[in-house]
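Me: Could you take a close look at one part of this structure for me? I would like to know how its helices pack and what its nonpolar cores are made of.

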Amino acid sequence: MSDIKIEALKPSYEVCAALGELLIETVANGGSVSFMHPLSREAAEAFWSNSLIAAERGERIVLGAFDGDELIGTVTLLLDLPPNQPHRAEIAKMMTRVSHRHRGVATALLREAERLAIAHQRWLLVLDTAEDEGAAGLYERVGFKLTGIIPDYAFKPHGGLTGTLIYWKRLQEGVLA
């Protein structure tokens with residue numbers, strides 16, 4: 001998608017509402033992103049409100065992908081990690097609207113997250129994704145390496161347990177001072 005626009009999101013009612021709608025759609029369609037179906041609008045918007053406030057404090061970066069004015073995807077780069085891990089960041093809450101999947105949105109979001117990680121001197125990324133119907137193929141296509149599987153890690157949105165796959169990616173060789 002050449003006309004996709006990606007930007008860091010700021011807290012506002014409109015942004016929380018759009019992110020909440022995306023989260024509800026993702027969970028309703030089986031996306032294992034820490035929530036159960038049905039997910040209320042209030043819970044979804046409260047999650048994003050808290051996440052965007054944490055972003056304002058510099059603890060994370062919440063990216064949004066837009067097709068025109070429509071929010072079609074998001075990913076979060078978690079930066080607030082323990083003091084012994086200043087070189088590392090985590091990828092979380094990768095979601096793309098069902099209508100825009102398999103069109104390069106998630107890849108573009110990941111590439112921007114990687115660029116921002118480097119800008120914040122974070123050269124090692126980690127993430128986890130559901131073993132059942134997760135985004136393992138995407139992550140492997142963009143260079144993430146599978147470390148292992150934790151069985152029965154979490155409930156799927158519609159019930160039943162799924163394992164989680166743990167991935168990592170070194171963006172560059174880092175030397176800490």
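Reply: Happy to; here is a walk through one helix pair and then the cores. Please keep in mind that the model is predicted.

Let's start with helix α1, residues 13-28, and helix α2, residues 41-56. Their axes lie 8 Å apart and meet at an angle of about 125°. Angles over 145 degrees would count as roughly antiparallel and those from 65 to 115 as roughly perpendicular, and α1 and α2 are therefore oblique to each other. The crossing of the two helices is right-handed. On the α1 side, the contact is made by Y13, V15, C16, A17, L19, G20, E21, L23 and I24; α2 answers with R41, A44, E45, F47, W48, S49 and L52. Sorted by class, the contact between α1 and α2 holds 11 nonpolar, 2 polar and 3 charged residues.

Now to the cores. The largest nonpolar core has 27 residues, and L77, I91 and F144 are the ones that touch the most other members. Two or more residues each come from the strands β2 (60-67), β3 (70-78), β4 (88-96), β5 (124-130) and β7 (161-170), as well as from the helices α3 (105-119) and α4 (136-141). Helix α3 gives the largest share, 7 residues. Leaving aside residues up to four places away in sequence, L77 touches R60, I61, A89, E90, I91, A113, L116, A117 and L125. Apart from this core lies another, of 18 residues, with L19, L22, V27 and W48 among them. Two of these names are familiar from the helix pair: L19 of α1 and W48 of α2 are part of that contact.

Notes: Residues numbered from 1 in each chain as written. Predicted model: local features only at pLDDT ≥ 70, side-chain atom pairs only at ≥ 80, totals over all residues. Heavy atoms only, no water. Axes fitted to C-alpha atoms, helices over the stretch in contact; angles between N-to-C directions. Helix = DSSP H or I, 4+ residues; strand = E, 2+ residues; numbered from the N terminus. Parallel < 35°, antiparallel > 145°, perpendicular 65-115°, else oblique. Left-handed = near helix turned anticlockwise from the far one by under 90°. Contact = heavy atoms within 4.5 Å. Nonpolar A, V, L, I, M, F, W, Y, C, P; charged D, E, K, R; others polar. Core = buried A, V, L, I, M, F, W, Y, C linked by side-chain atoms within 4.5 Å. Buried < 20%, exposed > 50% of the residue type's maximum accessible area, 1.4 Å probe, protein only.
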